Amino acid sequence: MNEKIYKTMSKSGACNLALGIIVLVTGIVAGILMIVNGAKLIKRKTDILL
């Protein structure tokens with residue numbers, strides 16, 4: 001009985017860890033893309049304000 005509980009908990013922990021890593025990487029990539037797009041907007045600010 002205890003072995004089944006241990007296996008279930010370890011699989012759940014591994015899944016949560018993998019999901020956390022995926023969310024972290026996605027957040028970092030989204031942040032980098034926002035910074036790059038913001039820099040492009042600042043660079044072309046004079047063209048946009050016309």
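This report walks through the overall form of a predicted model and then its salt bridge.

## Overall form

Let's start with the whole chain. It has two helices and zero strands. Its C-alpha atoms fill a box of roughly 70 × 10 × 5 Å, taken along the principal axes.

The radius of gyration tells a matching story: the chain has 22 Å, while a compact globule of 50 residues would have a value near 10 Å.

## Surface

How much of the chain counts as buried? Of its 50 residues, 0% do. The chain exposes about 4900 Å², and carbon and sulfur atoms supply 73% of that area.

## The salt bridge

Now for a closer look at the side chains. Side chains of opposite charge can pair when their charged atoms come close. The structure holds one salt bridge, and its partners are lysine 7 and glutamate 3. Their closest N and O atoms are 3.5 Å apart, which means the pair falls within the 4 Å cut-off for a salt bridge.

Where do the two partners sit? Both lysine 7 and glutamate 3 belong to helix H1, which covers residues 2-43. They are four residues apart along this helix, or about one turn.

## How exposed are the partners?

Are lysine 7 and glutamate 3 buried or exposed? Lysine 7 counts as partly exposed because its relative accessibility is 45%, a value between the 20% and 50% cut-offs. Glutamate 3 has 53% relative accessibility, so glutamate 3 counts as exposed, the cut-off for that class being over 50%.

Notes
Residues are numbered from 1 along each chain as its sequence is written. This is a predicted model: local features need pLDDT of at least 70, side-chain atom pairs count only at pLDDT 80 or more; totals for chains, interfaces and linings use all residues. Side-chain values use heavy atoms; hydrogens and water are left out. A salt bridge is a side-chain nitrogen of Lys or Arg within 4 Å of a carboxyl oxygen of Asp or Glu. Buried means under 20% relative accessible area, exposed over 50%, partly exposed in between (1.4 Å probe, protein chains only). The radius of gyration is taken over C-alpha atoms; the globule rule is 2.2 Å times the number of residues to the power 0.38. Accessible areas come from the Shrake-Rupley method with a 1.4 Å probe; for residues, only the protein chains shown count as cover.
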